[in-house]
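Dear colleague,

I am handing over the structure below for your files. An account of what was found in it follows, arranged by region of the chain.

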Amino acid sequence: DGTVKLWDVETGECIRTLEGHTCYVPSVAFSPDGRLLASGSWDDTVKLWDVRTGECIQTLRGHKGGVHSVAFSPDGKLLASGSDDSTVKLWDVETGECIRTLEGHRSSVLSVAFSPDGKLLASGSWDWTVKLWDVRTGECIRTLVGHTGPVFSVVFSPDGEYLASGAGWLDNTVKLWDVVTGECIRTLK
């Protein structure tokens, strides 16, 4: 319905409905301090919301396709977004400016995640690959190949040594990768 809802975890009550997107909203993420909420939509935008007031404080425009995934950096200064336009964008949270566009995937970017130290960004794509990016330079450090279907989910381990990726139909596996070597160390079926 194009809305984002905030829920009270204890009571299960909807405490706020955030309206402003014009299309499906497949991804939301809280900033590390919990003050901001980011939402990515198939209306090609990312919105930043004030959690306390429910006010949309910024609309980030620049993608040329629906936004599938959003993630804040650990320090809360950057926001990453992955889109149907096959790119990942890095945004300055304070200014709303796109500071870098990461190109290299051959299809929609379905998932993005920062490493715990904020130095790396992982992206999973419909092109069946996972890419590891240097956040500071925007360089693709490594492309992880091994899935046989779209990669819908990526997440770093808390120590940053491993990356897990989950793929959809045709594959239906989770792969664990060594971040330093890029080697797939385990496939969970």
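**Strand E9 and its neighbours**

In this predicted model, strand E9 (residues 87–92) is largely enclosed by the rest of the structure, because 5 of its 6 residues are buried. The cut-off behind that statement is a relative accessible area under 20%.

Strand E9 takes part in pairing with strand E8 and with strand E10. Strand E8 (residues 78–83) runs antiparallel to E9, and 5 bridges join the two. Within this pairing, Ser81 has Lys89 of E9 as its bridge partner. The connection between E8 and E9 is a hairpin with 3 residues between the strands, and Ser86 in the turn has a positive phi of about 70 degrees.

The pairing of E9 with strand E10 (residues 98–103) is likewise antiparallel and comprises 5 bridges. Here Thr87 stands opposite Glu103 in E10. E9 and E10 also form a hairpin, with 5 residues between them; in this turn Gly96 has a positive phi of about 80 degrees.

**The sheet E11 to E14**

Further along the chain, 4 strands form an open antiparallel sheet in the order E11-E12-E13-E14. Strands E11 (109–114) and E14 (140–145) are its edges, each pairing on one side only. On average, and with direction ignored, neighbouring strands of this sheet are turned by 20 degrees against each other.

Inside this sheet, strand E12 (residues 120–125) and strand E13 (residues 129–134) are joined over 5 bridges in the antiparallel sense. Leu121 stands opposite Trp133 in E13.

The loop between E12 and E13 holds Trp126. With a relative accessible area of 37%, Trp126 counts as partly exposed, because that class covers values from 20% to 50%. Trp126 also belongs to a nonpolar patch on the surface, together with Trp128, Phe152, Trp169 and Leu170; the accessible area of the patch is about 550 Å².

**The sheet E15 to E18**

Another open sheet consists of 4 strands in the order E15-E16-E17-E18, with antiparallel pairing. Its edge strands, E15 (151–156) and E18 (184–188), each pair on one side only. Neighbouring strands in this sheet are turned by 20 degrees against each other on average, direction ignored.

Strand E17 (residues 174–178) pairs with E18 in the antiparallel sense over 4 bridges. In this pairing Leu176 stands opposite Arg186 in E18.

With kind regards

Technical notes
Residues numbered from 1 in each chain as written. Predicted model: local features only at pLDDT ≥ 70, side-chain atom pairs only at ≥ 80, totals over all residues. Heavy atoms only, no water. Buried < 20%, exposed > 50% of the residue type's maximum accessible area, 1.4 Å probe, protein only. Pairing = 2+ DSSP bridges. Axes fitted to C-alpha atoms, helices over the stretch in contact; angles between N-to-C directions. Patch = residues over 30% accessible without salt bridge, like charges linked within 9 Å, V, L, I, M, F, W, Y side chains within 5 Å. Areas by Shrake-Rupley, 256 points an atom, 1.4 Å probe, with all protein chains shown as cover. Salt bridge = Lys/Arg side-chain N within 4 Å of Asp/Glu carboxyl O.
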